[in-house]
Amino acid sequence: MSLSRFLSARPSCSSFRIVPVTCISYRGFATSKGASTSENPLSDAKSKPKASTPLRRSASASLPIRSNPTPTRGVIKPVFTLSTAERYLLSRLRSHPDLPARSQALHESWWVPKWGKEGQEGEVFVFSNGSIIAWGLDEAETRRFAAEVVERTPGMQVGPLRDPETEELEFVVDPIENTRLQGDLIILGQTAPLNEPELLPKTLPPMAFPAETLLARYAYSQALSRSTALSSLEVSLDNYLASMALLPHALEKTGKPGMGRTQLIKKLGELMKFRQLLNLNRENFVEVPDFYWAEPELERYFNSLSDALEVKGRTAAVNDKITYAAEMQSVLRQLLTESSTHSMELIIIALIAVEVVIALIRDGPELWHMLVDTEEDKQKPNHAAA
């Protein structure tokens, strides 16, 4: 249901000029597959937190455009993002037999100019961070692309996610407007000329949307892909922290970590993996890709959506959680080391005691005779003198 229809259906939101933000329906945030829309306070299941991002708070900025369509404006369509793995090996797509013709690599993505049912085609970008961004396609078509293309490409998915992450925004094409993000709506219109025209493919195939905004769609797609990939990492880290939550209570009650060395090392490896995925991959969540350095207009598109989705702030929050988890594991490692040292000391003491007992059993009689003979030798001179 579109936002404009939702608002018109509610009596208390008759005019967009007096609509409070609480009347706005917003779908532009990540959700887990099968996640409930309401939290059950009696359930132990941990629901995924949904941050109140600036994009959500500024959703009212798009109401004038939604409520007052112009003759040049197209239909509002979805931009659906689906993250199914920790990363993709995009090179594996080159040999996929079922991809539409003219699908090709476009900078740091794999670009499918047209996908979907005839007359309802959309456009798909696939990024190496494990995300699929579909323009003009709904969730069902996006998942069909993932099932028919990504899942059928051997070895493409590295670290498949148990629960795929999704994120949804909306866009509209209006050739007389400037391309920009307004509230929670992406407007595709006029763009500035490229400083480096060679960034575009030499020959462009037929595509579902205007060729003039191809790189703008790519920039917005890359920002969305990072946000959804970050959401999947946030969920995985929350599950990890939940699995470690009882350790402080175990230390408080029993004075023991309640976790063996091997299990602790596995948890440490899992934590290092989170840090690597967040900061050390080629495409991390903080740095602006080199692609945008020569194109400030495209960088503005990328940064506007990244800032609206609070990618940098969320990345810092995840880093803080990882740092806390690392400190907790450091304490556990010290406790295990002390426990091992204490055990080794007891073993050494026991071995020394055993060695003493063996020596007494083996050499005890001889030592006793030597001691007795010495005493007798001392007494003999005294008897002789008498």
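Two strands are taken to pair if DSSP finds at least two bridges between them. In the predicted model described here, strand 7 (residues 157–178) and strand 9 meet this criterion with five bridges, and the two pair in the parallel sense. Within this pairing, Val-173 has Leu-188 of strand 9 as its bridge partner. Strand 9 also pairs with strand 8 (residues 180–182), in this case through three bridges and in the antiparallel sense. Here Leu-181 stands opposite Ile-186 of strand 9. Strand 8 and strand 9 form a hairpin with two residues between the strands, and in this hairpin Gly-183 adopts a positive phi near 65°. Strand 9 itself, which covers residues 185–190, is mostly covered, with five of its six residues buried.

The surroundings of strand 9 can be followed further from Glu-177, a residue of strand 7. The C-alpha atoms of Glu-177 and Gln-190 are separated by 6.1 Å, although the two residues are 13 residues apart along the chain. Once neighbours within four places in sequence are left aside, Glu-177 is in contact with Ile-187, Gly-189 and Gln-190, and also with Arg-73. Glu-177 has a relative accessibility of 23% and therefore counts as partly exposed, since the buried class requires a value under 20% and the exposed class a value over 50%.

At the level of the whole protein chain, the model contains nine helices and nine strands. Of the 386 residues in the chain, 39% are buried. The chain exposes about 21500 Å², of which carbon and sulfur atoms supply 56%. Among contacts with a separation of 6 or more, 74% are between residues 24 or more positions apart.

Helix 5 (residues 214–244) was examined for its length and its cover. Because a rise of 1.5 Å a residue is expected, the 31 residues of this helix should span 45 Å, and the end C-alpha atoms are indeed 45 Å apart, in agreement with that value. The expected span is obtained by multiplying 1.5 Å by one less than the number of residues. Helix 5 is mostly covered, as 26 of its 31 residues are buried.

Helix 9 (residues 311–385) holds residues in differing environments, of which Val-356 is one. Asn-319 is also placed in helix 9, and its relative accessibility of 17% means that Asn-319 counts as buried. Apart from neighbours within four places in sequence, the contacts of Asn-319 are with Arg-275, Leu-278 and Asn-279. Leu-332 likewise lies in helix 9 and is buried, because its relative accessibility is 2%. Between Leu-332 and Gly-260 the C-alpha to C-alpha distance is 10.0 Å, for a sequence separation of 72 residues.

Val-356, by contrast, is partly exposed, with a relative accessible area of 43%. Together with Ile-348, Ile-352 and Leu-360, Val-356 forms a nonpolar patch on the surface, and the accessible area of these residues together is about 380 Å². The value for Val-356 is compatible with patch membership because residues in a patch need over 30% relative accessible area.

Definitions and conventions
Residues are numbered from 1 along each chain as its sequence is written. This is a predicted model: local features need pLDDT of at least 70, side-chain atom pairs count only at pLDDT 80 or more; totals for chains, interfaces and linings use all residues. Side-chain values use heavy atoms; hydrogens and water are left out. Patches are made of residues with over 30% relative accessible area and no salt bridge: like charges are joined within 9 Å, nonpolar side chains (Val, Leu, Ile, Met, Phe, Trp, Tyr) within 5 Å. Accessible areas come from the Shrake-Rupley method with a 1.4 Å probe; for residues, only the protein chains shown count as cover. A salt bridge is a side-chain nitrogen of Lys or Arg within 4 Å of a carboxyl oxygen of Asp or Glu. Helices (H or I, at least four residues) and strands (E, at least two) are DSSP runs, numbered from the N terminus. Buried means under 20% relative accessible area, exposed over 50%, partly exposed in between (1.4 Å probe, protein chains only). Contact means heavy atoms within 4.5 Å.
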